[in-house]
Protein chains: 2
Amino acid sequence: MKFIHTADWHLGKLVHGVYMTENQREALEQFVSIVAEEQPDAVVIAGDLYDRSVPPTDAVELLDEILFRINIELKTPIVAIAGNHDSAERLSFGSSWYKHSQFYLSGKLDNSFKPVQINGVNFYLVPYAEPGIVRQLLGDDSIHSHQDAMKALIGKMEETLKPNEPNVLVGHAFVLGGQTSDSERILSVGGSGCVGAELFEPFSYTALGHLHSPDAINHEKVKYSGSLLKYSFSEAKQKKSISIIEMDQKGQFTHRYRSLTPTHDMRELEGHLQELLDPTFYEKERLHDYLKITLLDEGALIDPINKLRQVYPNVLHLERKIDINDMKKKQSFNASQSEKKSEIELFEQFYTEMTTSEFNAEKKDAMVTVIEKVLNEEGIK
Amino acid sequence: MKFIHTADWHLGKLVHGVYMTENQREALEQFVSIVAEEQPDAVVIAGDLYDRSVPPTDAVELLDEILFRINIELKTPIVAIAGNHDSAERLSFGSSWYKHSQFYLSGKLDNSFKPVQINGVNFYLVPYAEPGIVRQLLGDDSIHSHQDAMKALIGKMEETLKPNEPNVLVGHAFVLGGQTSDSERILSVGGSGCVGAELFEPFSYTALGHLHSPDAINHEKVKYSGSLLKYSFSEAKQKKSISIIEMDQKGQFTHRYRSLTPTHDMRELEGHLQELLDPTFYEKERLHDYLKITLLDEGALIDPINKLRQVYPNVLHLERKIDINDMKKKQSFNASQSEKKSEIELFEQFYTEMTTSEFNAEKKDAMVTVIEKVLNEEGIK
């Protein structure tokens, strides 16, 4: 049994104010070609099909079209779940009709305990849910964290799970061991958003979504496919791919990647303005990529973003590298924070480091008055 | 061939700040019962399934559930189109999958020229579209009004329409002869939003949505079903129903109504506050109806809305009937505006009419100062 594992399409995503929909369409065209070529028994999409609960209409049309081509035209079963970016209710509309053509779309947890069977493999669908939802669903007041919730859900699945059959869990969660990047929203503080990989032990394979790198976790049986595209500059160095899994009737599997090559890559570029605008430099560059450019120049530059965009039309973000002297100031200021100083001493230090003028007696008197007033009002003094 | 004609469900509708979803659920439960009892060959929904392009999630879940019960559980084909309140793109998602169970949902015009055939009847689906969309679709620059658009669309349908078969057009439009009520948004000014009923001559029956009264047009073959519920007080006196049509193979049909009885009716109530709060009066009333109350009392009333809501919990709107003397004052004040008077004369007249106290010399002096100041600042003097 062969299936493709993908996740985190984030259709309708805006990156630095630019809609990724056309780029997503191109990547999905490649994806459909791979499905046509590989002829898998199923395509598994582990959540975050959309980037938000109410995606733009062109993203809705794109998803409809791509799923139609895979499921109806290529006659390939689809197993998909809602992620934290999807609206479970909106995504689920019509899902009862999809089952006829073996398109299993699970927005809510209700159906998680009864697996979907495709070619001898049992797929357990666990759409993203807050711990409170699972607590209510299972009537178990001890559930507070995502770890508690997943443990309870899997515990319930194990009541009927047949260990000698190939079982695949499809989930959308932050599984411990993974590394986050900027485009994954922090779900909760203090680690309660994390789920331990050991929970998935009963399954032959766990197809995850949520973290955007296929390398987010290094585990034999618990894997992220990674996102469809790079969705933030923190992902610039990641290689995006989809996973092809071939599983036998004992649940043993082989795993390989197939990469997607977007027309516009997302990457970082660093240099001096003059150098970046030099044809001998940029003629070797892929000029239409989505770029974060870091300028190394010191001193004032006139309208660098527009100059750069004349060569690189898709500059999404421009940064100036903070110069060495600034860095030193910053470091010495940060370091000094830990010493015990009075408020006025701290301010004097701050003022001296941040300006070029003298912190004279008059200025000091004025600040002393202000500090006194604030401390009095706060009842500290 | 028997079909049910309904329209304008407006799921997710807010009326005076109150969500109608629960009321809509009750009405739709009755609707499903009627479908189960009548066993029609099709259910036709002529647009505005939702009240807005992004309806609340409970409205999405309600529509999904009701359509599933009709189409899958009761095995009844459904023919539905998007209205002006629906988002064509969002509503259409998944519609390719629905066809398998004879659920034909048309959001966009693309499929309007190829009818859906159910039990020997050809249904032409014409979802709501702005004239500009039709102009583009047909490449006909002469299309500017809804009349032009519908005429061109029907013209194109006639190229392949078989006149000796029963043909039904399902549309969402403001067909001339209908009466509007408050809850139908004005589509455009100057009559260009209207469509002449004569255009539908080629069809055995035209199942319309948009106007909320089944009596909005009196035509032998072109009919509105009316909305599912009363959605504004201007509809308070309308009788809401669905239409049952039985059509033979020549397109001849009989037409009858079946009414829906909401738990909470929407109606208007008029009287003096004391009378409305009197148990001998209200014990005969359906207290939980959605009410617009018009109070006939003169003079000041202390917190009438909360007093009324203790008896009638669903008062949505409260009005005071402007009394005859107020009316006269208003009229005389309006009339006097046309005469040429000084600012202070106008204000004196206004003050005298609006208060019971004298406009004495002191007040006059104060106003003169204010008026002088304003006129100076505005550079009039």
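Over all chains of this predicted model, the count comes to 44 salt bridges. Side chains of opposite charge can pair when their charged atoms come close. One such pair lies within chain A, where the side chains of Lys221(A) and Glu201(A) meet with a nitrogen-to-oxygen distance of 3.6 Å. Lys221(A) sits in the loop between β12 (205–209) and β13 (222–224) of chain A, while Glu201(A) belongs to the loop between β11 (194–195) and β12, so this salt bridge ties together parts that are 20 residues apart in sequence.

Salt bridges also occur across the interface of chain A and chain B, where 2 are found. One of them joins the side chain of Lys108(A) to that of Glu61(B), at 2.5 Å from N to O. The two pairs named here are set side by side below.

| Salt bridge | Distance, N to O |
|---|---|
| Lys221(A) with Glu201(A) | 3.6 Å |
| Lys108(A) with Glu61(B) | 2.5 Å |

Polar contacts are counted separately, and between chain A and chain B there are 11 residue pairs of this kind, with both residues at pLDDT 80 or more. On the side of chain A that touches chain B, at least two residues each are supplied by α2 (57–73), α3 (88–92) and α4 (95–98) of chain A, and α2(A) gives the most, with 9 residues. Sorted by class, that side of chain A has 13 nonpolar, 9 polar and 5 charged residues.

Taken as a whole, the contact draws 27 residues from chain A and 27 residues from chain B. The two chains bury about 2,300 Å² between them, and 65% of this area is on carbon and sulfur atoms. Within chain A, the residues that lose the most area to chain B are Arg90(A), Phe93(A) and Trp97(A), which together account for 36% of what that side buries.

A further packing arrangement is found inside chain A, between helix α5 (residues 131–138) and helix α6 (residues 146–158), whose axes come within 9 Å and cross at roughly 35°. The crossing of α5(A) and α6(A) is left-handed. From α5(A), the contact is made by Pro131(A), Val134(A) and Leu138(A), and from α6(A) by His146(A), Ala149(A), Ala152(A), Leu153(A) and Lys156(A). By class, this contact between the helices has 6 nonpolar, 1 polar and 1 charged residues.

How values were computed. Residues are numbered from 1 along each chain as its sequence is written. Chains are lettered from A and ligands numbered from 1 in the order in which they are written. This is a predicted model: local features need pLDDT of at least 70, side-chain atom pairs count only at pLDDT 80 or more; totals for chains, interfaces and linings use all residues. Side-chain values use heavy atoms; hydrogens and water are left out. Contact means heavy atoms within 4.5 Å. Buried area is the accessible area (1.4 Å probe) that two parts lose on being put together, summed over both. A salt bridge is a side-chain nitrogen of Lys or Arg within 4 Å of a carboxyl oxygen of Asp or Glu. A polar contact is a pair of N or O atoms within 3.5 Å; within protein, one must be able to donate a hydrogen and the other to accept it, and residues adjacent in sequence count only if both atoms are side-chain atoms. Helices (H or I, at least four residues) and strands (E, at least two) are DSSP runs, numbered from the N terminus. Ala, Val, Leu, Ile, Met, Phe, Trp, Tyr, Cys and Pro count as nonpolar, Asp, Glu, Lys and Arg as charged, and the others, Gly among them, as polar. Axes are lines fitted to C-alpha atoms, for helices over the stretch in contact, and angles run from 0 to 180 degrees between N-to-C directions. A crossing is left-handed if the near helix is turned anticlockwise from the far one by less than a right angle, and right-handed if clockwise.
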